[in-house]
Amino acid sequence: MMMQRVTRQSRLSTATTRWRYRVARERAAIGKFADALETDLVAVGVSDSVRQSLATVLDELLANVVMHAQSARGPVHVHVRRRKDELVVRLRYNASDFDPTGIAEARAPESIAEATPGGVGIAMVRAMTREFVYSYRRGENHLRVRVALAS
C-alpha cells in the first residue's frame, strides 16, 4: 500500500506564489492534501470562500482519479500558482487517457424518482472555475483549473 502522504514544496516571490504537492492515489491522502493546501492558502491571505471553492473542485477531481482512473500509476502531481487575481491549479497523473471536460452536462431530474446518484461533480467543477481544460501528453493526463480570487 502506498503511504498516505502529501509532500509539498513552496516558492514564494512578490509576483507569484507557487506550491507543488504529490498526492498518493488514496482517499485518505486527499484529505491530507486538503489540509496542507488550506494551511498554505491561509498563510498568504486567500479568502475563506475561495479556499472552500478550490477545495471542493480539487476534492472532486482527485476523488475521480482515485476512484475511476484506469491503469493509474504513481501519485497525482498538483501545482498551485497564485496570480494577482486568480489561482491556477494543474494536476498531472499517469493513467489511461480520460477527458473529464468532455463529459456532457448533467440533466436535472424532473422528480426524485428520476434522480440518480453521481454525475454532478464535473458540472460543479465547471460552475466554480473560470477555466477547466484537459490534455493528454506522454502517457499523462493534465488538468488545469483557474479560480478567481475575488468571490
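**Exercise 1. Pocket lining**

Work out which strand gives the most to the lining of the second largest pocket in this predicted model.

*Solution.* Start with the residue list: His79, Arg90, Leu91, Arg92, Val133, Tyr134, Ser135, Arg137, His142, Leu143 and Arg144 line the second largest pocket. Next, map these onto strands: β4 (86–94), β5 (131–137) and β6 (140–148) each supply at least two of the lining residues. Now pick the winner: β5 gives the most, with 4 residues. To round off the picture, sort the lining by class, and you get 4 nonpolar, 3 polar and 4 charged residues. The volume of this second largest pocket comes out at about 210 Å³.

**Exercise 2. α1 against α2**

Find how helix α1 (residues 27–43) and α2 pack, starting from the angle and the distance between their axes.

*Solution.* Grab the geometry: the angle is about 155 degrees, and the axes sit 10 Å apart. Angles over 145 degrees count as roughly antiparallel, so α1 and α2 are roughly antiparallel to each other. For the handedness, α1 passes α2 in a right-handed crossing. Then look at who touches whom. On the α1 side you have Arg27, Ile30, Phe33, Leu37, Glu38, Leu41 and Val42, and they meet Arg51, Leu54, Leu58, Asp59, Leu62, Ala63 and Val66 in α2. Split by class, this contact has 10 nonpolar, no polar and 4 charged residues.

**Exercise 3. α2 against α3**

Give the same kind of description for helix α2 (residues 48–68) and helix α3 (residues 121–128).

*Solution.* Axes first: they come within 10 Å and cross at roughly 145 degrees. The crossing of α2 and α3 is left-handed. Down at the residue level, α2 brings Ser53, Thr56, Val57, Glu60, Leu61 and Asn64, which meet Gly121, Ile122, Met124, Val125 and Met128 in α3. The class tally for the contact of α2 with α3 is 6 nonpolar, 4 polar and 1 charged residues.

**Exercise 4. Odd backbone angles**

Locate Ser71 and Arg138 in the fold, and say what is unusual about phi in each.

*Solution.* Begin with the background: most residues other than glycine have a negative phi. Now check Ser71, which isn't a glycine yet has a positive phi of about 55 degrees. Where is Ser71 found? Ser71 lies in the loop between α2 and β3 (73–82). Then do Arg138, also a residue other than glycine, whose phi is positive too, near 50 degrees. Arg138 is found in the loop between β5 and β6.

Terms used. Residues are numbered from 1 along each chain as its sequence is written. This is a predicted model: local features need pLDDT of at least 70, side-chain atom pairs count only at pLDDT 80 or more; totals for chains, interfaces and linings use all residues. Side-chain values use heavy atoms; hydrogens and water are left out. On a 1 Å grid over the protein atoms alone, a cavity is a set of points where a 1.4 Å probe fits but cannot get out, and a pocket is an open set with protein on both sides within 12 Å along at least five of seven lines; lining residues have an atom within 4 Å of a point. Grid points are joined across faces, edges and corners, and a volume is the space filled by probe spheres set on the points. Ala, Val, Leu, Ile, Met, Phe, Trp, Tyr, Cys and Pro count as nonpolar, Asp, Glu, Lys and Arg as charged, and the others, Gly among them, as polar. Axes are lines fitted to C-alpha atoms, for helices over the stretch in contact, and angles run from 0 to 180 degrees between N-to-C directions. A crossing is left-handed if the near helix is turned anticlockwise from the far one by less than a right angle, and right-handed if clockwise. Contact means heavy atoms within 4.5 Å. Angles under 35 degrees count as roughly parallel, over 145 as roughly antiparallel, 65 to 115 as roughly perpendicular and the rest as oblique.
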